[in-house]
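Biologist: Let us go through this model question by question, and please explain each term as it comes up, since I am new to the subject.

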Amino acid sequence: MAMPPIMEKLLNLQKKVDELEAWRYMRIGGVVDVTAPDLPLENCMWADGSLALFDLWPELKAKYEQGGFSGLLLPYNCSDANKAAYPLKWVPDSAKPTGLFVPRLNGLFARYCGEQGAGKYHRDEVRNIVGSFWNNKNGLFTDSGYANGAMRRVQATDSFSTTRIGTTAILLA
C-alpha cells in the first residue's frame with residue numbers, strides 16, 4: 001500500500017527541519033557579521049572576551065564536551081601574549097571549565113576571502129571615515145571610478161563611508 005501524499009509531504013518537511021537544525025547546531029560558536037548596534041538574536045553574544053557560562057548556554061557546553069571546538073581552544077592557563085596572538089580562539093575558564101571565554105575581536109576585522117590572508121585579521125584603523133566631494137567629471141573620480149562599494153552617487157556629489165564596508169563580529173552560542 002502506497003503512503004498517502006500528505007505523509008510524504010510531512011516526511012519531506014521533517015527532513016528539511018532536521019537539515020536546518022544540523023546547520024544551526026554547526027554554527028554554535030561561529031563568528032557572524034552584523035551591521036547593527038544591537039545583538040540580532042537572543043542566542044548571540046558579543047565577541048568581546050566575556051565569559052559564556054555553560055549553565056546559561058547548555059548547547060555551547062554540549063558542543064564543547066563533544067569536541068566541537070577542536071582546534072579553536074587555547075589552554076585555560078595561556079598567557080596574555082597567546083590570547084593576543086590568537087584572537088579567534090576560545091579559552092576555558094579553568095582546568096575543569098564551567099564556561100568558555102569567547103574570542104575578543106574588539107577593534108579587529110577578519111578577512112574572509114582571497115587566496116592570501118584568508119582567516120587572518122588586521123586592526124580596525126579606518127572605521128567611520130566619512131566624507132563627500134563634488135564630482136565635476138574632470139578629476140580623479142569619474143562616474144566609473146567607484147571602488148569596492150564604498151563610493152555612492154548622491155545627486156552631483158559623491159560621498160564615501162568606510163562603515164558601508166566594515167562590520168561588527170558577534171558569536172552565536
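**Salt bridges and the residues around them**

Biologist: How many salt bridges does the count come to?

Modeller: This is a predicted model, in which local features need pLDDT of at least 70 and side-chain atom pairs count only at pLDDT 80 or more, whereas totals for chains, interfaces and linings use all residues. Residues are numbered from 1 along each chain as its sequence is written, and side-chain values use heavy atoms, with hydrogens and water left out. A salt bridge requires a side-chain nitrogen of Lys or Arg within 4 Å of a carboxyl oxygen of Asp or Glu. By this rule the count is 3.

Biologist: With which residue does R24 form a salt bridge at 2.6 Å within helix α1?

Modeller: Side chains of opposite charge can pair when their charged atoms come close. Helices are DSSP runs of H or I with at least four residues, while strands are runs of E with at least two, and both are numbered from the N terminus. Within helix α1, R24 has a partner 3 residues away, about one turn of the helix. With the closest N and O atoms 2.6 Å apart, that partner is E21.

Biologist: How many residues apart are E59 and R24?

Modeller: The side chains of E59 and R24 also meet in a salt bridge, at 2.6 Å from N to O. This pair links distant parts of the chain, with E59 in helix α2 (residues 58-65) and R24 in helix α1, and the separation in sequence is 35 residues.

Biologist: Is R24 buried, exposed or partly exposed?

Modeller: Buried means under 20% relative accessible area and exposed means over 50%, with partly exposed in between (1.4 Å probe, protein chains only). Its partners have 38% for E21 and 32% for E59. R24 itself has 27%, so R24 is partly exposed.

Biologist: How far apart, N to O, are E65 and K61 in their salt bridge?

Modeller: E65 and K61 both lie in helix α2, 4 residues apart, which is about one turn of the helix. E65 counts as exposed at 57% relative accessibility, whereas K61, at 33%, counts as partly exposed. Their side chains meet at a distance of 3.9 Å.

Biologist: Which residues are joined into one network by salt bridges that share partners?

Modeller: R24 forms a salt bridge with E21, and the side chain of R24 also meets that of E59 in a salt bridge. Through shared partners, the network is made of E21, R24 and E59.

Biologist: What is the order of the strands in the open sheet of 3 strands?

Modeller: Strands of a sheet pair through backbone hydrogen bonds, either parallel or antiparallel, and here two strands are taken as paired if DSSP finds at least two bridges between them. The pairing in this open sheet is antiparallel, and the order is β3-β5-β4.

Biologist: Which residue in β5 is the bridge partner of V91?

Modeller: β3 (51-53) and β4 (91-92) are the edge strands, each of which pairs on one side only. β4 pairs with β5 (residues 99-101) in the antiparallel sense over 2 bridges. In β5, the bridge partner of V91 is F101.

Biologist: How far is A47 from V102 in space, C-alpha to C-alpha?

Modeller: A47 sits in the loop between β2 (44-46) and β3, and at 5% relative accessibility A47 counts as buried. Although A47 and V102 are 55 residues apart in sequence, their C-alpha atoms are separated in space by 6.0 Å.

Biologist: With which residues is Y64 in contact, leaving aside its neighbours within four places in sequence?

Modeller: Contact means heavy atoms within 4.5 Å, and Y64 has its place in helix α2. Y64 and L100 are 36 residues apart in sequence and 9.0 Å apart from C-alpha to C-alpha. Beyond its neighbours within four places, Y64 is in contact with F54, F69, L73, P92, P97 and L100.

Biologist: What is the average pLDDT of the chain?

Modeller: pLDDT is the predictor's confidence in each residue, from 0 to 100. Over residues 138-155 the pLDDT is below 50, and it stays under 50 over residues 166-173 as well. Of the residues, 62% score at least 70, and the chain average is 75.
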